[in-house]
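Here's a quick tour for anyone meeting this structure for the first time. Have a look at the model, then follow the notes below.

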Amino acid sequence: MIVYGDARSGNCYKIALLANHLDIALEWREIDVLSGQTRQGWFRRINPYGKLPVVELNTGEHLAESNAILVHLAQDSAWWPAQRLAQARVLQWLFWEQYSHEPYIATSRFWLSISGEPDRYRVQLADRRPGALAALDCLETHLATHHWLVGDTPTIADIALYAYTHVADEAGFDLTPCPAIRRWLERVRSIPGHLPMRTPGPPWTPPCTDSH
Ligand SMILES: N[C@@H](CCC(=O)N[C@@H](CS)C(=O)NCC(=O)O)C(=O)O
């Protein structure tokens, strides 16, 4: 499977982490989110949304949206529960991650630690802070009484939420007051096959760099 991703991105990291657990071999094509490649014609043809990550499956078909990719890869594995309600609960966390966690924590991290111009985003960072704190509070409350987000074993809900929660400090959020989250992060890290987030390798060069 080919992955177009930026190694600094938590959304892209989700795919690398699950693939490692599932022993899926990856060809990682490093695309710098700041390079403008995601707005070029070649990229829009594989993902009209213009966002990383995108995977190219063995069939040659493309699939975007990190959590949709997780659902696709996890089928028939222990990371996707067999029971219908448990499946819906995993989706509940995946949708929550995209609507109530990622827009606050991942976006703040991008502005603060990746954009290279954090001062430019001072107002936006302050604006997103209450939403990020609410997301962390929600996670902390749930994890205070649950080992994993859904059921008794880890699922792709844990992978999706781990991706940006474990780098919340890079978004300006100290997890010291969140002991349940910190214990859960440690549990996720202890699962055999865990893969830490990497630093980006050299950028991949598309065969044709058309801009339309
Ligand atoms: N909902 C999408 C979000 C993807 C996303 O925001 N990707 C960012 C990197 S984390 C990106 O490609 N940014 C480049 C751009 O917006 O041009 C997902 O979960 O995959």
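Let's start with P53, which sits in the loop between α2 (41-46) and β3. This is a predicted model, and in it the peptide bond joining L52 and P53 is cis, with omega at about 0 degrees. From there we'll move on to the domains, the pocket, the cavity and a few helices.

**Backbone oddities in the loops**

- E65 isn't a glycine, yet it has a positive phi of about 75 degrees.
- You'll find E65 in the loop between β4 (62-64) and α3, and its relative accessibility of 36% makes it partly exposed.
- D76 also isn't a glycine, and its phi is positive too, near 65 degrees.
- Look for D76 in the loop between α3 and α4. With 82% relative accessibility, D76 counts as exposed, because the cut-off for that label is over 50%.

**Two domains**

- The protein splits into domain 1 (2-74) and domain 2 (84-190).
- Taken over C-alpha atoms, the centres of domain 1 and domain 2 are 20 Å apart.
- How many residues of domain 1 are in contact with domain 2? There are 17 of them, and they touch 16 residues of domain 2.

**The largest pocket**

- The largest pocket has a volume of about 670 Å³.
- It is lined by 27 residues, and the closest to its centre are N11, V33, K51, L52 and E102.
- Two elements, α1 and α4, give two or more residues to this lining.
- Helix α4 gives the most, with 7 residues.
- By class, the lining of the largest pocket has 10 nonpolar, 9 polar and 8 charged residues.
- Both domains take part: domain 1 (2-74) and domain 2 (84-190) each supply at least three residues to the lining of the largest pocket.
- L52 turns up twice in this tour: it is among the residues closest to the centre of the largest pocket, and it is joined to P53 by that cis peptide bond.

**The largest cavity**

- How many cavities of 30 Å³ or more does a search of the whole structure find? Just 1.
- The largest cavity holds about 50 Å³ of space.
- Its lining is made up of D6, A7, S9, C12, Y13, A16, W28, L195, P196, M197 and R198.
- By class, those residues divide into 8 nonpolar, 1 polar and 2 charged.
- Helix α1 (residues 10-21) gives the most to the lining of the largest cavity, with 3 residues.

**Helix α1**

- With its 12 residues, α1 reaches 16 Å from its first C-alpha to its last, close to the 16 Å expected at 1.5 Å a residue.
- Is α1 mostly enclosed or open? It is largely enclosed by the rest of the structure, because 11 of its 12 residues are buried.
- The buried residues of α1 are G10, N11, C12, Y13, K14, I15, A16, L17, L18, A19 and H21.
- What covers those buried residues? The cover includes β1 (2-5), β2 (27-30), β3 (54-56), α3 (66-74), α4 and α6 (156-165).

**Helix α4: L91 and H101**

- L91 lies in helix α4 (residues 84-114), and H101 lies in α4 as well.
- Their exposure is worth a look: L91 is partly exposed, with a relative accessible area of 27%, while H101 is buried, at 0%.
- Setting aside neighbours within four places in sequence, L91 is in contact with V71 and W80.
- With neighbours within four places left out again, H101 is in contact with W96, A106, A135, L139, L161, Y164 and T165.
- From C-alpha to C-alpha, L91 and H147 are 18 Å apart in space, and they are 56 residues apart in sequence.

**Helix α5: H142**

- H142 is found in helix α5 (residues 122-143).
- Why does H142 count as buried? Its relative accessible area is 18%, and buried means under 20%.
- Not counting residues up to four places away in sequence, H142 touches W93, W148 and L149.
- H142 and G36 are 106 residues apart along the chain, and 38 Å separate their C-alpha atoms.

Technical notes
Residues are numbered from 1 along each chain as its sequence is written. This is a predicted model: local features need pLDDT of at least 70, side-chain atom pairs count only at pLDDT 80 or more; totals for chains, interfaces and linings use all residues. Side-chain values use heavy atoms; hydrogens and water are left out. Helices (H or I, at least four residues) and strands (E, at least two) are DSSP runs, numbered from the N terminus. Buried means under 20% relative accessible area, exposed over 50%, partly exposed in between (1.4 Å probe, protein chains only). Contact means heavy atoms within 4.5 Å. On a 1 Å grid over the protein atoms alone, a cavity is a set of points where a 1.4 Å probe fits but cannot get out, and a pocket is an open set with protein on both sides within 12 Å along at least five of seven lines; lining residues have an atom within 4 Å of a point. Grid points are joined across faces, edges and corners, and a volume is the space filled by probe spheres set on the points. Ala, Val, Leu, Ile, Met, Phe, Trp, Tyr, Cys and Pro count as nonpolar, Asp, Glu, Lys and Arg as charged, and the others, Gly among them, as polar. Domain bounds come from an automatic or database domain assignment. The expected span of a helix is 1.5 Å times one less than its number of residues.
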